[in-house]
Structures are given as C-alpha cells and as structure tokens.
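Let's take a walk through a structure together, one stop at a time. Have the sequence and the 3D view open as you read.

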Amino acid sequence: MSAVSQVEVHEHSEHAHEEHHELGFIRKYIFSEDHKVIAKQYLISGIVWALLGAFMSLVFRLQLGFPDMDMAWMKPFLGDWISLDDKGLGKLDPNFYLALVTMHGTIMVFFVLTAGLSGTFSNFLIPLQIGARDMASGFMNMLSYWIFFISSVIMFVSLFIKTGPAGGSWVIYPPLSALKEANPGSGDGMTLWLVSMALFIVSSLLGGINYVTTVINLRTKGMSMDKLPLTIWAFTFTAVLGILSFPVLLSAALLLIFDRSFGTSFYLSDIYINGQALPNQGGSPILFQHLFWFLGHPEVYIVILPALGLTSEIIATNSRKPIFGYKAMIFSMAGIMFLAFIVWAHHMFVTGMNPFLGSVFMLLTLIIAVPSAVKGFNYITTLWKGNIIFTPAMLFAIGLVSFFISGGLTGIILGNSALDIQLHDTYFVVAHFHLVMGSAAIFGMLAGVYHWFPKMFGRMMNNAMGYIHFWITFIGVYLVFFPMHYIGIAGFPRRYYQWSGFETFNTYMDLNAFITIAAIITVFAQIVFILNFVYSIFWGKKATANPWKSNTLEWTTPINPGHGNWPGEIPTVYRWPYDYSKPGAPDDFIPQNVPFSATPESNLPEENELIEKEEEINSIKFDTSLHD
Amino acid sequence: MTLLIAILSILFIVLTFMVVSKTQAILKGLTKSEVEDSEYLGAPDKFNSANGVGLFAFWIISIVGIVWSFVAYKKDFLPEASSVHGKETDYWFWVSMIVIMIGFFIVNTFLFLFSYLYRHNKNRKVTFYTHNNNLEIIWTTVPAIVMAGLVFSGLRVWTKITSEAPANAEQIDIMGKQFGWTVRYAGVDDNQFGKYNYKLMDDAGGNPMGVDFSDPNSFDDFSNASEMHIPKGKPVLLKIRARDVLHSVFIPHMRVKMDAVPGMPTKFWFVADKSTADMRAELGKPGFNYEIACTEICGRSHFGMKLLLVVDEPADYEKWKKSQKPLLTENPDLLNKVPDNLKAKAQKYVASDEPAEEVVPEVVASRVLGNSNKVLK
Ligand code: HEM
Ligand SMILES: [Cu+2]
Ligand SMILES: [Cu+2]
C-alpha cells in the first residue's frame, strides 16, 4: 500500500527510497495509485459520459423541436423505444422520453460535473499545486476511481434493460420512484439507479476525504494556507460540501430502497393505484424532498466551485495580472459554502411546505447571491488593465464568467418565492440552471483541460481548433439556453413530452425548433474538441515545462512529471501564487518558489521583512518520501 | 437522415483537419518570428487580437439579438393574468426583471469591454493591482441592498398569497391521479363536503375520490373530471390532493401552482377577476379557454393532464352548480355504501326526479365538449 506522509522530522538523514522501481502496466495505468493517472482516468470517463449525456439531450430536443418528425431512422439504436404509429411514422415513446431526461440529468450532474470535474482536477492539481508527492492515501484514491467505475457500469447497464432506465427525473421523487406500478422506469431501472448512486456516493466520499486530508497535511514547506492558489481553496470547499451532504443523499436513497423493497412507509401514505389501496400510511413524500435537496443544493456548488477555482487561476495567468481580491475570493467561497447548506428548500416553495419556512429560505437564498456577485466582480476587475492572452483556456474561462453572471441573475427571480409560483418547474428554471451550473461548469472543465493539458500529457493542444471549438460552443450555448427563458416565461412546463395538447402552450414552435437546431450544432462542434484532444495526446506539439509562464508549483515539475512529481526535493514556497507583472521585476511572473531574497528589485516593503523568515522555512524538515 | 448526418460529420472532420494543418503551417512560420522566447509556448498568437475583438463584437450582436427577440416574442410572455394576486406577482416579476437586466447588461458589458480593451499588446504596462477593500465593500453592499429590497417586496406578496383563505371562499376539492384531474364540489343543498378516505377509493365502483357515504354531507356532493367551474370575483379555495404519485396544479393564467401530495392535502386560494367570456372578448379569441396543467412529473402522460377551467359570472356559476348531478344520482349503486339509518335521507338523491336539466346553459356545455376531446389520453 502506498501512502505519503509529510511528517515533520527533526533529525533527518538522506532518503534512500526516493527512486522507484518500475511498476507493471496494470499497476501503472489501470489500478494505479498515482494521482495523475487517476485524474486522467476520471477525465476520460467524464468525457465519455458527457458525450452520451449530450446525445441524449439531442434525442429529446428533436422530440420537442420537431414533434411531428418521423423518428423511424433512430430505430436501429433505440429499438422498441421508437414505435410506429398508424401512419407508419416513428414516434418516441413518452416513457422513454422521461427516461432520457432522467439519465441526461443524472449523467451530467453526477458523472460528468462531479466525478469528471472534481475527480480530474482535484486529483491532478492538489498534490501538484501544494507540493506533495501524491494524495494522502493513494490506495483510497484508486478505490475511489474504481468504485466510481463500477457505479458507471451499473448506470450504463440500466440503459439496456427491458423496462428502461430510471424515469422519474434526476430528483427521483417518491411515490413515483417508489411504486413499480406507477411507471416502467420505477422498476429495475430505478433499482439500478439507486445501487449505482449509492456506490457513487461512496466513491465521492473516499475522494473528498482524501482531498481534504491532503490539503491539510501535505503542503510543502512554506505553503501556508494564505499562499494556496484559489484552485486549491475551491477544491477543498467542494470536498467539504460533498463530505457533509452526500451522506444525506445516501440515507435518503436507503430509505427509498426500504420503501421499495421491504414495505416500509417512510415516503408513502394514502395511496390508491391500479385499482388498489396500498396499506402504507404515515409517510411523507416531502421528507424525501428535504433530504434530497439537502444534498441537491450543495451539489450545484460542488459542480460550480471547482470550475470557478480553475477559472481564477486561468484568468490571472492569462491576464498577466494578480487575481483581484484574493482574500475576498476565499471569503466569498467560504460564504457560499456555508450558505449552500441552508437554502435547500428554495426548490420546494410550492410543495405545500409551511409558507413561513418559504419566507426564511427566500431570505437565505437571496443572501447567497451576494458572495456570488462578488466573485463575478473580482474576475472582471482582474481583467481590467491586464494584458490578456486569449488562449483557448482563457476564452472558455471568460465564457464561464459570462454564463455565471447571466444564469445567476435569473436565480434572483426564482429565489423569490412569490415569483417562483409561476416559474417553478417551467423552462425558465431549465434555462437558469443550464447557464449558471451546466454550461458554466462545462466551460470550467474545458478551460481546465486546455490549460493543464501540457502538464497532463506533455504536449500542447492545437490553438486554432481550440478557437473554433470555443466560438461555436459559446455562441451555441447562448442560442440554446437564452430562448428557453422566453418559453419559460410563457409558462411551458418542463419534463413535457409535447405541449400541443394545451392551447396555452401551443405557441413558440419556431423557437423550439430553433433551439433544437442550435443544440445539434453545439453538440456536434464538440467533435472538434475530441479530435484535438486525441490528436494532441499523441501528435501534439511537445510542451515545455511552463508553457504559460505561470507561478504555481505544478509548472516547476518536469514536462512529464513521474511518480512522486518532483525528481529531487519538493520546492519550497515563499510567496503567493499571483505575482504577475510585479513592478520592478524583470519578468512578468515570479513563481511561488522564488524567495524574496532573490527579488530585491520588486519586493514590497512588507515583503522585505519576510526575508528573515526564509531561513526558518528552509530549516523545516519534512519526510516527503513515498512509502510502498 | 442517417445518411445526412454521416455526410455532415465526415465533412466536419475533413474540414477540421484541413483547418488544423493549415493553421499549424501558418503558425509555424509565425511563432518563430514573433516570439523571442522559445520556451514560451503560451505567448499570444496572431489570433489574439481577433479573439478579443470577437468577444466584444459578440456582445454587441447579442444585445441587438436580445432586444429583437424580446420584442418579437414578448406577446406570449406571462399569459394575461386573470387573478388578483397574479397582477401583483406580474408587477414584481417585471420589476425584478428590470433590475436583473440592468445588472446583466452592465456586468457583461464590462466583461467583454475589458476583454477587448486589454487584449495583449507588447507595450502595455500591466497595473499590479491586488485588492481594494473599499471596492469590495461597495460591491458587496450594493447587491445586498438591492437584494434586501427585492426580498421585502417578495415577502410581503408571498405572505399575502399564502395567508388563510377568507371564510366565505368557495371550496373545491381537486384530486390529481395518473393521468387526470377530478374535482368535487360540496353540493348545493348543504354546501358541506362529505369526508373522504383513500381506502374507500374504487374506480370500478364509481367512487374514484374515496368519498365516504356514511357521512350525510356527501349526499349532495358532485364531481367532474373534465372541467372545473369557479365564480368570478369571489375567493376560491382549492383543496388539493393526489391519490397515487405527486402532481401539481398549475393554472397559468391564474398564477396558481401547488403540488398535490398523496397523504398530505395542500391548498391555494385566489380570486379570478376575468371570466372566460371576458377573456374571449379581451383576446378576441372566441375559442379561448382557461386550462389547468400538471407540473410535477407523474409518469407517462404527465404532459396530457389537462382540465378545463371555466370562470363564470357568479350567477351563472350558481346555475351551473344546480345543474350538476350529485354522485349518488350519477351512480345509484353507491346507495349500497350508505348505512341503513341514513338510506332514507340519501334516497332523495337517487330518485329519478332529475332537477334542473334545462338550466344548463347550452353554450357552456358545447364549449366544453368541443374542447375536451382534444385532451390527450
Ligand atoms: C448539450 C447541451 C444540453 C442540452 C441541449 C440540454 C437540454 C436539456 C433540456 C431541454 C432539458 C429539459 C428536458 C425536459 O424537462 O423535458 C434538460 C434537463 C436537464 N439538464 Fe440538460 N441540456 C444540455 C446540457 C446539460 C448539462 C451540461 C447539464 C449539467 C448540469 C445538464 C443538466 C440537466 C439537468 C439536471 C436536467 C433536469 C433533468 C430532469 O428534469 O430530471 N444539461 N436538458
Ligand atoms: Cu438550490
Ligand atoms: Cu404530472
């Protein structure tokens, strides 16, 4: 078992076991305990899931945009889910429509933007940016990936069973999800969903505990908390959110399993279905919603905070300017993290919950808008009077900021319970969360891939393709999700197979068709990214060790960092990560491992005083060896 | 279609490869000359300015697009409010919308403007600007104050909407089930609902709502599964329930939405201030009808859970109520559920003297029938 420890050792001798014996293929690339390999495993899994989730959205978007379309051509891969009507036209089965929406939501939120995003970048960047040889427990880290893998396989298998995958939407509200007779998707598909998610939670807890432990214990010499890059702050807050909220979802799921299989009545009461009154009494479907959203709301921050962290780093580096308001950024993330736990019931204003509770949650929800706004302002001020280099990563980061603002603002309307009465469960909500969390987080993830690709694979991605990818995707996302606000303001309910049965919703056919076309173009534009990604792994231009002239520690490793990350001693940290374009300095960046004593020309007065402390930092002795 | 997609994607791949190789060739020639430092792969390339300008151009075009599309599509926004509280929430919706639109335009403008202004230029001196506590304080307090304003207006409206219904409110029992709505009225004789119990529900026996016929209040109750009538100008209290899974009563024009929860009755009260006839005249659409939809996913035909809503002038409403047949009249077999000691009282509703068939306003019936066959099964 490999574990890394960074204990302070006072009496110290040379370490003999720095060099490592070569591991076999399986231990090196499959059951690897190296955080960098695990990160890549998460990344590739995330990309595969993202493509699947995106293609699902195209299928149901076709249904919504072109309800009269003949879908017989999809029969080869959708099989019985396409049935032929009396005119011989292929029609999507309404149950399968719901199953697709459910799988799309589950995949995107959990498998892509939780596992794919945190799993990739927390794993990759935490040890590299804090100066550690690996995660606190490499074994737990490996376990976390492989449990996630099993969970993925189970979710994937559920797509192919006869009654179809879970179909009660990603929030799986009982009684619909509890009663097999209510919906084909509540049968075996739901069972597999629950098992898969239970494993997913275990995996994400193993990951989260590891991240927090690593950040607390394994920082290199001199890396005090106030010198951590904002990425690390973001990953740490994210992990804490996950650790505290995922167990609640697990218990909610367990109780649901009991209700489904063992006749308990946690969520069931007074039900008459299929000509029969069920014996269950005394349960409350609302209880499930409280438990679900106690995770569900923090979950949206679990999705967005890492993306914001990556963005902070990318924007500072490519503006060649310090991030503005470093401390304000940390405090607003801390504020968001704290408040994220006490706003969950804004998803439940019209469930019949006590209206007074509604008032309280409305107040708390609107408070959380403040730290979110502060983050936006800080990003923009970072750009001000910078010298911006538009790498593909930078473009995606700017796109993220724009989505975060545009989508966040509509949250102010939805958080107002009086206005939410009309808008709840309409396309206004779909538009809101796709911008603020879906697209923003996806953009953060893409920005991260473009930016850290050289460190992951030792090669550069192609810029021109990156620009094409960015422009089509950026414009496409706005074209898809902006008009959805209009549809929502007109009252169109979500999770509808079609709207033409209602006179009230019998408009906007053109807009819906337009959205579908924009979505098709946007999704197909991702091919450019996939090609670029695969091509560059093998044939991309060779990277240099620090291609972006960035300050953080990962760029002090070799081009292809090996096991243990730094061949020699781990660099010591003396300064914060944002010394870009410091007046007096010869270069426009000063890496974190450059001591103040080496830069007398650019030191600020208070920094000159820190020079004395450097001796002290240097004399710390950590045992940073990897144990086997 | 498959072929089309195949061709398109091949075209796409070929094109991207062409672009890649072209630009790589160009860049090779370029990077050499411009970048003195061969280690610095991230140096700005020749597209840098174009990207910066592009972002700003994108924003200008977006503003035009947003304004145009808003004007073009606004006629179907927030379908004409027909309830008293709906007018108020609409007002605050637009107030909030203006506030967030101001934020939206200002903040995005700064973002894209700075991208354009500060695109890389070799001669620019970057300002080393790490923080400014005054700025942070300003942009924390300004949103906080705006937020506080919106919260207080919202709280006031919300408290009013969710307050107790007035005592004289017209009560209607509305129940969601897979996949439709059924409404029950307290009847014209006693104006009291009979009790219900889910264990008494029996679709085959004609008692889908589980009305308890041992409660004499139920004898004159009547129900309807295709339309709900309410009086104009009078408070209406919906007593909402579900019998199988979650549903949600959504009346778009009334700005009414409330979940229907098995085992936990909920409620919503409102005052409709435009009758169906008023709306037809106002919109110039003689075929107009109010509709009730379901907004909580409930299974296959969630999208087809429609109930017509007819808002009558109060007098017409009373007439309509009188014309409806009590459950016992509709289905005399239900008499078996009535305990013996009350049979005599119940008998009155089963007897064949049909009260007021002729009172049914002809128009109302045809209106409703004309439309209800559009309801999706
Ligand atoms: C490829 C671009 C995407 C398109 C065109 C798209 C489209 C849609 C649409 C139209 C719906 C509503 C379906 C309905 O209610 O009937 C939906 C639901 C949803 N989408 Fe997306 N989406 C996309 C990407 C994403 C991403 C990146 C996320 C990540 C957060 C996401 C998360 C969700 C969730 C959570 C739901 C709700 C599912 C439910 O109601 O259970 N989507 N999507
Ligand atoms: Cu939330
Ligand atoms: Cu429904």
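We'll begin at the ligand, move on to some helix pairs, and finish with a few unusual spots in the backbone. One thing to keep in mind from the start is that this is a predicted model.

So, which residues come nearest to ligand 1? There are 26 residues around this ligand, and the nearest are Y97(A), H104(A), W170(A), H434(A) and R495(A). Zoom in on H104(A) to begin with: a polar atom of its side chain sits 2.8 Å from a nitrogen atom of ligand 1. Now look at W170(A), where the partner is a backbone N or O atom, lying 2.8 Å from an oxygen atom of the ligand. Y427(A) also has a polar contact, this time through its side chain, with an N or O atom 3.4 Å from an oxygen atom of ligand 1.

What kinds of residues make up the shell around ligand 1? Sort them by class and you get 17 nonpolar, six polar and three charged residues. Several helices of chain A help to build this shell: α2 (35-65), α4 (94-130), α13 (427-457), α14 (463-489) and α15 (509-539) each supply at least two of its residues. Some of these helices will turn up again as we look at how helices pack.

Start with α2(A) and α15(A). Their axes come within 9 Å of each other and cross at roughly 160°. An angle over 145 degrees counts as roughly antiparallel, so α2(A) and α15(A) are roughly antiparallel to each other. Their crossing is left-handed. If you want to find the contact on screen, look for residues including L43(A), I47(A), L51(A), F55(A) and L58(A) on the α2(A) side, and I515(A), A519(A), V523(A), F529(A) and F533(A), among others, on the α15(A) side. By class, this contact has 19 nonpolar, three polar and one charged residues.

Next, follow α15(A) to another partner, α14(A). These two helices pack at an angle of about 155°, with axes 8 Å apart. That angle makes α14(A) roughly antiparallel to α15(A). Here too the crossing is left-handed. The contact of α14(A) with α15(A) contains 19 nonpolar and eight polar residues, and no charged ones.

What about α4(A), which we met at the ligand? Its partner here is helix α6 (residues 188-217) of chain A, and the two pack at about 20° with their axes 11 Å apart. Angles under 35 degrees count as roughly parallel, so that is how α4(A) runs relative to α6(A). The crossing of this pair is left-handed. Among the residues that meet are M103(A), F110(A), F111(A) and I126(A) from α4(A), with W193(A), M197(A), F200(A) and Y211(A) from α6(A). Count the classes in this contact and you find eleven nonpolar, eight polar and no charged residues.

Now for the backbone. Where in chain A does P175(A) sit? Look in the loop between α5 (138-158) and α6. The peptide bond joining P174(A) and P175(A) is cis, with an omega of about 0°. I172(A) belongs to the loop between α5 and α6 of chain A as well. Its phi is near 35°, a positive value in a residue other than glycine.

Our last stop is in chain B. There, the peptide bond from Q178(B) to F179(B) is cis, with omega near -10°. You'll find F179(B) in the loop between the strands β1 (170-177) and β2 (180-185) of chain B.

Notes:
Residues numbered from 1 in each chain as written. Chains lettered and ligands numbered in written order. Predicted model: local features only at pLDDT ≥ 70, side-chain atom pairs only at ≥ 80, totals over all residues. Heavy atoms only, no water. Near = heavy atom within 4 Å. Polar contact = N/O pair within 3.5 Å; in protein donor to acceptor, adjacent residues only side chain to side chain. Helix = DSSP H or I, 4+ residues; strand = E, 2+ residues; numbered from the N terminus. Nonpolar A, V, L, I, M, F, W, Y, C, P; charged D, E, K, R; others polar. Axes fitted to C-alpha atoms, helices over the stretch in contact; angles between N-to-C directions. Parallel < 35°, antiparallel > 145°, perpendicular 65-115°, else oblique. Left-handed = near helix turned anticlockwise from the far one by under 90°. Contact = heavy atoms within 4.5 Å.
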